[in-house]
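Me: I'd like a close look at one part of this complex, the place where the two chains meet. Could you walk me through it and then fill in what surrounds it?

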Amino acid sequence: MPILDEPIKEPLGLKNYIDGEWEESEGQLQDIVNPATGKTIAKAPSSTEQEVKEAVTAAKQAFPEWRRTPPLARCRCLFRLKELLEENFEQLSRVQTMEHGKTIDESRGETRRGIENVEVAAGIPSLMMGDNLEDIASGIDEQLIRQPLGVFSLIAPFNFPFMVPLWFAPYAVATGNCIIVKPSPRDPISQVKLAELVDEAGFPPGVWSLVHGEAGVATALLEHPGIEGACFVGSTPVAKKIYATCGQKGKRVIAQGGAKNFIVVMPDANLERTIPSLMTSFYGNTGQRCLSGANAVVVGDDSFYREFIQAFYDAASNIKIGYGLDEAIQMGPMQSEDGKERVLGYIEKGIKEGAKLLLDGRKIDMEEEFPETCFLSPTIFENVTGDMRVGREEIFGPVASIMRAKNLDEAIGMTRNSPFGNAASIFTSSGKLARKFRYETPCGNLGINIGIAAPMAFFPFSGMKDSFFGILHGQGKEAIRFFTESKVVIQRWW
Amino acid sequence: MRLQTASQVVNFAAEIEEKLAKFYEQLAKKNPEQREFFLSLAKEGRKYKLWIQRAYHEVVTDALETGFSFEGLDTDEGLIEENLSENRNLPDILDRALDTEKRIQNFYQSAAQKSKSFLADVPRTFERVARRREKRREKLKSIS
């Protein structure tokens, strides 16, 4: 199949977006590489501390006027942004494929999910309304008002370079706050493209800023006294650290960490429908997704197990690997060589620990000629147990660990024993078993006959245990609460 | 040609609708007495194209089985034969158009069947376009 037209023809020189202007950074530049082709597609700076300060100062200055802007006027900016996102839908999607490696279908899905958050946040005149009650005591009325806090920082991961900041940004600005986005240094182009559209949509200078950089820039943002709170999505160790830092500094925080998601397959599951879902769950986004299936727990006798494993193997071994801008491709490369090395390390560990390597993803069979630097094929391990590292640690790549359980209780027990609690799914035809799973499984995002339990924009993106640190979550009404203070007014008039 | 991803199927559908719309526009030019009829078929085809693209773009999300739903959907490369309207008289062309509409209807029915695990909007749109194809065939028969 032909490769779709690449929207980036020459390497881009990325700039910071501060106070409504595109500013050249004085920081060191690093190459942003297309993981499929190995070509440099941009150079991104690691911003200086001074540049971070300038961004915070500009955002703080913008805040008083922006919070006074009527919600209807604020949401008009979001409506304009939504229109621009639709107009640029395909270009934005192709950029994601170029900088991340995911397939074009996956990129379009990511773009759509991002836009949905803009759409939901555009309902701010209703969403931000407070409450009131007359006569809480004789002649006394009480009301609750939601007010914005100031400037928030959004620290984005590499696996969804376009969408994740949009779990937070539209709600933050809709409620009258200002934001500073720090994209992942691995794939920052999507956020630059988004900021270009923000600029075109006419948000006032300083309301939405973007500062490139690595961990040092994130730390400078978190520690700056002008920042009221932070939203982070990434690994568990970093999420914990950010949670602690924000706690010490008295800042609000949403910190989403890693995952090790269990997918329970009951013997009454409809395998014909289940297997495609599992392929997306385990191998979609090349397994680099915090909602990806990691451990498939098969419940049932040997005959069902054999049927399942054969169907899973057949589907996984037929997945087409290659450059995501080829529409026939079903799995792109890992986002980076480091990521691939990490997965290769886990494959070695799995073999050493005694898991059976049923499908070896190290053998790469690509449709076209591309450098193998970041590519892997799907891997399947059988006979995995909860005490093996491949069964308990986040691999973040296209590796499925197949486990067995005698019954649903044992399968749910496995999810309880995991330190993570991001997502879990069950595939079954039984409402009773599904209810039990829903009731007892300690995970924030549950799927019933759904491989990727990704909450829509009007629901919170949940998470438990070591997968989430904080109280309120991104998206929907919880994001509105996170980005606002609740002020209660009790009044009596003589 | 074997189509496997949602992107491939949607683009293929868009391509056949566009080709067929152009074919009916040519027929409209060559047959002034049936001009409005053929133009209405062309317009209708472009509407189907839009329905399909819209269904895909509005439900495609990172949670869906976008890469795997259409596993095994084979389609005939020559679903629409080249030069459909050249060097033939109108009854002959209409016969061929009827066959083409039937092949396209079969393609949509098959795509709907293969995409059952997708969010319902996509297979529903394919089914709807397949049903409309039947009506188009009846219309074509009425003038042939």
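Reply: Here is the contact region first, then one residue in it, then the salt bridges, the second chain and a surface patch.

A quick word on ground rules: this is a predicted model, where local features need pLDDT of at least 70, side-chain atom pairs count only at pLDDT 80 or more, and totals for chains, interfaces and linings use all residues. Residues are numbered from 1 along each chain as its sequence is written, chains are lettered from A and ligands numbered from 1 in the order in which they are written, and side-chain values use heavy atoms, with hydrogens and water left out.

Let's start with the interface. The size of an interface is often given as the accessible area lost when the parts come together. Here, chain A and chain B bury about 2,100 Å² between them, with carbon and sulfur atoms accounting for 51% of it. Buried area here is the accessible area (1.4 Å probe) that two parts lose on being put together, summed over both. On the chain A side, the residues that lose the most area to chain B are Asp105(A), Glu327(A) and Gln330(A), together 28% of what that side buries. As for contacts (heavy atoms within 4.5 Å), 28 residues of chain A touch 21 residues of chain B.

What kind of pairing holds across that surface? The count of salt bridges between chain A and chain B is 0; a salt bridge here needs a side-chain nitrogen of Lys or Arg within 4 Å of a carboxyl oxygen of Asp or Glu. Polar contacts are another matter: 9 residue pairs make them across the interface of chain A and chain B, both residues being at pLDDT 80 or more. That term covers a pair of N or O atoms within 3.5 Å; within protein, one must be able to donate a hydrogen and the other to accept it, and residues adjacent in sequence count only if both atoms are side-chain atoms.

On chain A, the elements giving two or more residues to the side that touches chain B are helix H3 (89-100), helix H4 (104-121) and helix H10 (271-283). H4(A) gives the most, with 9 residues. Helices (H or I, at least four residues) and strands (E, at least two) are DSSP runs, numbered from the N terminus.

Now zoom in on Arg108(A), which sits in helix H4 of chain A. Its side chain makes a polar contact with the side chain of Glu90(A) at 2.9 Å, and another with the side chain of Tyr56(B) at 2.8 Å. Leaving aside neighbours within four places in sequence, the contacts of Arg108(A) include Leu4(A), Phe89(A), Ser93(A) and Glu327(A), plus Ser7(B), His57(B) and Val60(B) from chain B. Arg108(A) counts as buried, at 4% relative accessibility; the cut-offs are under 20% relative accessible area for buried, over 50% for exposed, and partly exposed in between (1.4 Å probe, protein chains only).

Helix H4 of chain A spans 104-121, and the salt bridge between the side chains of Lys102(A) and Glu110(A) has an N to O distance of 2.4 Å. Lys102(A) is buried at 0%, and Glu110(A) is buried at 0% too.

Compare that with Glu410(A) and Lys406(A), whose closest N and O atoms are 3.8 Å apart in their salt bridge. Glu410(A) is partly exposed at 31%, while Lys406(A) is exposed at 71%.

Over all chains, the salt bridge count comes to 30. In chain B, Glu36(B) and Arg35(B) pair up at 3.0 Å, N to O, with Glu36(B) exposed at 55% and Arg35(B) partly exposed at 41%. There's also a salt-bridge network linking Glu17(B), Glu44(B), Glu101(B), Arg133(B), Arg136(B) and Lys139(B).

What does chain B look like as a whole? Chain B has 4 helices and 2 strands, in the order β-α-α-β-α-α along the sequence. Of its 144 residues, 52% are buried. Among chain B contacts with a separation of 6 or more, 80% are between residues 24 or more positions apart.

Finally, back on chain A, Leu133(A), Ile136(A), Val488(A) and Ile490(A) make a nonpolar surface patch of about 370 Å². Strand E6 (131-137) and strand E23 (484-492) of chain A each give two or more residues to the patch. Patches are made of residues with over 30% relative accessible area and no salt bridge: like charges are joined within 9 Å, nonpolar side chains (Val, Leu, Ile, Met, Phe, Trp, Tyr) within 5 Å. The areas come from the Shrake-Rupley method with a 1.4 Å probe, and for residues only the protein chains shown count as cover. Ile136(A), in strand E6, is partly exposed at 39%.
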